[in-house]
Amino acid sequence: MDKTIENIWKEGFVNAEEITVPKINNLYNQKSIHIIEKIKRMNKINLIAIAVGAPIFLVITYFMHFPLTGIATFIILAVILYVNRNLMKGFDTIDKGNNSYEYLSSFNIWLKKQLSINRKMAGYYYPALFLAVVIGLWFSPGIQHVFQEILAKPHEIYLVGDFPILWTIPILIITIALAFFGGRLYNFDVKLVYGPVYKKLDDILADMEDLRK
C-alpha cells in the first residue's frame, strides 16, 4: 500500500492498536475530545444561565408590577431546564466505542436527538413566552390605566361584549405565527450561538469518514 498521507491516516483509524502514526491518531483524538468538551461546556453554561436568569426575572417583574409575566416565564423556563437537564444525563450513557470516531459518531447522534426535542418544544414555548408577556402587561396596573383610557368612550367600538376584540386579533395572529415558525426560530438561535462549533464537529466527522473508506 502506498504510504500516502490518506493511507497512513486510514491505517491509524482502522486499527488503533497498530499505532503507526501516533501523532495523527492523537491529533484526531484531541480534536474529538476538544469539540465534545466544548459543546458540553456551552450547554452547561446555557442551562446555568436559565437557572440563574429565571428567578432574577421573576423578582424584577414582581417589582415592576407585572408578576404574571414573571411567574409564567419562570414556569416555562423551569420546564425547559428540566427537560434539558435530563437530556444532559444521556451524555454520560453515550457509547464510547473502540475509538474516537465511534465515540464522536455516538455523540453526534445524541446531539441531534437533543436538538430535535428542543426544536419541537420551541413551537410551544415561543408562543407561550409571548403570551406570558402580553397577559402580564394586560393585567399590570399601569397598562390597565392606559387601556381604560383607550377603550373609554367614544372608543367602545373596539369592544365586542366588553371584549377588546380588535386588540386580540393581532395577538392571536402573532401567537399562531410563533407556534408555526417556532422550530425555525430555534434553528436560527442555535446557528447563531452554536453554528461554528457544530460545523467543526461535522467537519471532523467528515474527515474521519473519508479516511475510513
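So, what share of the 213 residues in the chain is buried? The answer is 32%. Keep that in mind, since I'll keep asking who is buried and who isn't.

One thing up front: this is a predicted model. The pLDDT averages 80 over the chain, and 75% of the residues score at least 70. Where is the confidence lowest, and where is it highest? It's lowest in helix 1, residues 5-14, with a mean of 50, and highest in helix 3, with 93. A word of caution for anyone new to this: where pLDDT is low, you shouldn't read the predicted coordinates in detail.

Okay, the overall layout. The chain has six helices and two strands. Starting at the N terminus, the order goes α-α-α-α-α-β-β-α. And if you take contacts between residues at least 6 apart in sequence, 69% of them join residues at least 24 apart.

Let's go to helix 3. How far apart are its end C-alpha atoms? They're 33 Å apart, and that agrees with the expected span, because 23 residues at 1.5 Å a residue should also give 33 Å. Quick tip if you want to check that yourselves: you multiply 1.5 Å by one less than the number of residues. Helix 3 has a set of buried residues, including Gly 70, Ile 76, Leu 77, Asn 84 and Met 88.

My favourite in there is Thr 73, which sits in helix 3, residues 67-89. Is Thr 73 buried or exposed? Its relative accessible area is 9%, so Thr 73 is buried, the cut-off being under 20%. What does its side chain reach? The backbone oxygen of Thr 69, at 2.7 Å. Leaving out neighbours within four places in sequence, Thr 73 is in contact with Phe 57, Leu 129 and Ala 132.

Now a different threonine, just back along the chain. Thr 61 belongs to helix 2, residues 22-63. With a relative accessible area of 1%, Thr 61 is buried. Not counting residues up to four places away in sequence, Thr 61 touches Phe 66, Pro 67 and Gly 70. Here's a nice one for looking at folding on screen: Thr 61 and Gly 136 are 75 residues apart in sequence, yet their C-alpha atoms are 9.0 Å apart in space.

Between helix 2 and helix 3 there's a loop, and His 65 is in it. What's odd about His 65? It has a positive phi of about 70°, although it isn't a glycine. For background, most residues other than glycine have a negative phi. His 65 is exposed, with a relative accessible area of 52%.

On to helix 4, residues 100-138, where we find Asn 108. Asn 108 counts as buried, at 13% relative accessibility. Which residues does Asn 108 touch, not counting those up to four places away in sequence? They are Leu 201, Asp 202 and Leu 205.

Next, aromatic rings. To describe a pair of them, you give the distance of the centres and the angle of the planes. The count here comes to five aromatic pairs. One of them is Tyr 125 with Tyr 126, a tilted pair, 5.1 Å centre to centre with 50° between the planes. Both Tyr 125 and Tyr 126 are buried. Then there's Phe 180 with Phe 181: the centres are 4.9 Å apart and the planes are at 90°, so this pair is edge-to-face. The cut-off for that label is over 60 degrees. Phe 180 counts as exposed at 62% relative accessibility, while Phe 181, at 36%, counts as partly exposed.

Last stop: charges. How many salt bridges are there? Just one by count. The side chains of Asp 203 and Lys 199 meet in it, at 3.2 Å from N to O. Both residues lie in helix 6, residues 165-212, four residues apart, and that's about one turn of the helix. Asp 203 is partly exposed, at 36% relative accessibility, and Lys 199 counts as exposed, at 51%.

That's my tour. If you look at one thing on screen afterwards, try Thr 73 and find its contacts Phe 57, Leu 129 and Ala 132. Thanks, everyone!

Technical notes. Residues are numbered from 1 along each chain as its sequence is written. Side-chain values use heavy atoms; hydrogens and water are left out. Buried means under 20% relative accessible area, exposed over 50%, partly exposed in between (1.4 Å probe, protein chains only). A polar contact is a pair of N or O atoms within 3.5 Å; within protein, one must be able to donate a hydrogen and the other to accept it, and residues adjacent in sequence count only if both atoms are side-chain atoms. Contact means heavy atoms within 4.5 Å. Rings of Phe, Tyr and Trp (its six-membered ring) pair if their centres lie within 6.5 Å; planes under 30 degrees apart count as stacked, over 60 as edge-to-face and the rest as tilted. A salt bridge is a side-chain nitrogen of Lys or Arg within 4 Å of a carboxyl oxygen of Asp or Glu. pLDDT is the predictor's confidence in each residue, from 0 to 100.
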